[in-house]
There are 2 protein chains.
Amino acid sequence: MKREEAKTTTRASATLWDRTRQLASQEILETALRLFTEQGYDETTIAQIAREAGVSQRTLFRYFGSKEDLLGGDQDRFGRVLAGAISEQPAETGVWDALHAGIAAVLSLHDNSEQALQRFRLLHNTASLRAGWLEKRLRLQEELLPLVEARMDAAAGAADARARAVIATAFACLDAASMTWVANDGQSNIMDLYDECLAAVRG
Amino acid sequence: MKREEAKTTTRASATLWDRTRQLASQEILETALRLFTEQGYDETTIAQIAREAGVSQRTLFRYFGSKEDLLGGDQDRFGRVLAGAISEQPAETGVWDALHAGIAAVLSLHDNSEQALQRFRLLHNTASLRAGWLEKRLRLQEELLPLVEARMDAAAGAADARARAVIATAFACLDAASMTWVANDGQSNIMDLYDECLAAVRG
DNA sequence: CGACCTCTGGCAGTCGCTGCCAGGTTGGCG
DNA sequence: CGCCAACCTGGCAGCGACTGCCAGAGGTCG
């Protein structure tokens with residue numbers, strides 16, 4: 001928060017600090033992902049990642065606040081993209097269409113890469129990871145609340161509850177879709193699955 | 001699994017072992033709940049609970065496998081009740097009505113007590129607890145899959161995904177309902193809120 | 001009563017994570 | 001160039017949840 005006042009807007013990262021930082025961060029992340037997929041999340045210790053990445057545990061925790069962040073660190077970005085895409089929709093767009101657009105925007109961030117499948121597989125197969133993931137997403141849902149609420153008719157009393165239910169339902173369908181997507185080894189199209197799930201729910 | 005072959009069906013629990021067990025378990029649970037509500041979940045250590053309950057940490061972990069289980073231990077029972085209520089519904093009952101009945105059955109287990117509100121409040125306000133709670137519930141959802149799938153028309157291809165979406169949506173509405181129920185200090189009726197949320201989702 | 005089984009407590013150790021403190025590197029300045 | 005300040009790193013000690021192990025106290029039953 002001190003150096004930012006300068007001209008650090010350029011991505012070239014003038015200072016050496018930033019360059020080494022990014023390099024170390026990348027090295028840690030790649031090592032972690034490799035070990036996770038090789039031997040599983042729970043079976044991989046922070047000590048091992050740090051050792052093989054050539055940094056101390058202390059430094060690793062400085063870059064990534066927790067073990068979960070090594071896999072779910074991008075979640076914040078996804079949240080921002082989602083919120084952005086939703087709020088960019090014209091005001092007359094309905095809730096469901098807006099959510100559809102938002103989810104499509106998020107998925108377009110990483111659909112082709114094989115790496116996404118690996119991460120998803122890890123996520124769906126590791127209980128301890130799912131827990132943290134769901135928790136973070138719940139916070140995201142809360143942030144989305146005002147955005148969604150604005151697009152719903154404020155008819156009944158519990159507008160909060162209804163908006164929450166709508167958001168959670170959208171994510172529920174996305175979950176179901178991504179789960180079968182993983183089960184199919186990434187063959188099918190997530191967005192189509194999402195639409196199908198939503199159709200099944202909304203009759 | 002050894003002593004059960006005898007006549008332990010009686011709730012009087014013949015042996016002294018069982019009586020002391022139950023007593024200790026109860027003591028631990030009450031202490032934990034008291035401390036949690038007094039000073040918060042994260043601020044309460046296992047050591048403190050064990051000390052004030054008059055047992056060793058080792059014994060505490062033998063009764064409750066984890067810290068979370070001190071609050072969410074009943075979840076398995078809820079799951080069983082839910083599954084039971086759903087499968088007891090007549091075959092021609094639709095999915096949504098069956099789920100409605102199941103949720104009603106679960107809620108009727110503890111709606112009057114003030115203790116339920118305390119637990120819910122703790123759950124909704126403690127991130128680390130929510131994570132574990134959601135994870136366990138996800139497993140419950142998976143168990144409910146065949147029950148729900150049987151009540152859906154097996155039309156399209158991804159029957160799995162659609163059933164999952166329906167279950168998750170029901171829970172999403174229950175979440176939204178219980179959240180506003182907590183926010184209202186237990187004034188409103190959860191089941192009514194659930195219906196309203198579901199209506200908002202299903203249009 | 002004595003053999004047997006169960007339950008208990010304590011100890012050591014793992015793993016994720018944090019605070020603190022001594023370094024070494026880098027950047028900016030005179 | 002020299003020097004100070006800012007920054008980053010590694011290591012250590014420590015906490016809290018959790019587990020395996022082992023000795024011992026207590027109930028149970030022939």
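1. DNA strand D has 21 protein residues around it, a residue counting as near if one of its heavy atoms lies within 4 Å; Thr59(A), Arg62(A), Tyr63(A), Leu16(B) and Arg58(B) come nearest. Sugar and phosphate make up 61% of the atoms of DNA strand D that come within 4 Å of the protein.

2. A word on the source: this is a predicted model, in which local features need pLDDT of at least 70, side-chain atom pairs count only at pLDDT 80 or more, and totals for chains, interfaces and linings use all residues. Side-chain values use heavy atoms, with hydrogens and water left out.

3. Now the polar contacts with the strand (pairs of N or O atoms within 3.5 Å). A polar side-chain atom of Arg58(B) sits 2.7 Å from a base oxygen of DNA strand D. Phosphate oxygens of the strand are met by a side-chain N or O atom of Ser56(A) at 2.9 Å and by a backbone N or O atom of Lys67(B) at 2.7 Å.

4. Which helix gives the largest share of the surface near DNA strand D? That is H3(A), with four residues; helices here are DSSP runs (H or I, at least four residues), numbered from the N terminus.

5. Away from the DNA, have a look at helix H5 (residues 75–88) of chain A. Its buried residues (under 20% relative accessible area, 1.4 Å probe, protein chains only) are Gln75(A), Phe78(A), Gly79(A), Leu82(A), Ala85(A) and Ile86(A). They cover an arc of only 135 degrees around the axis (taken from the directions from the helix axis to the C-beta atoms), which puts them on the same side of H5(A). On the other side, Asp76(A), Arg80(A) and Glu88(A) are exposed (over 50%).

Definitions and conventions. Residues are numbered from 1 along each chain as its sequence is written. Chains are lettered from A and ligands numbered from 1 in the order in which they are written. A polar contact is a pair of N or O atoms within 3.5 Å; within protein, one must be able to donate a hydrogen and the other to accept it, and residues adjacent in sequence count only if both atoms are side-chain atoms. Helices (H or I, at least four residues) and strands (E, at least two) are DSSP runs, numbered from the N terminus.
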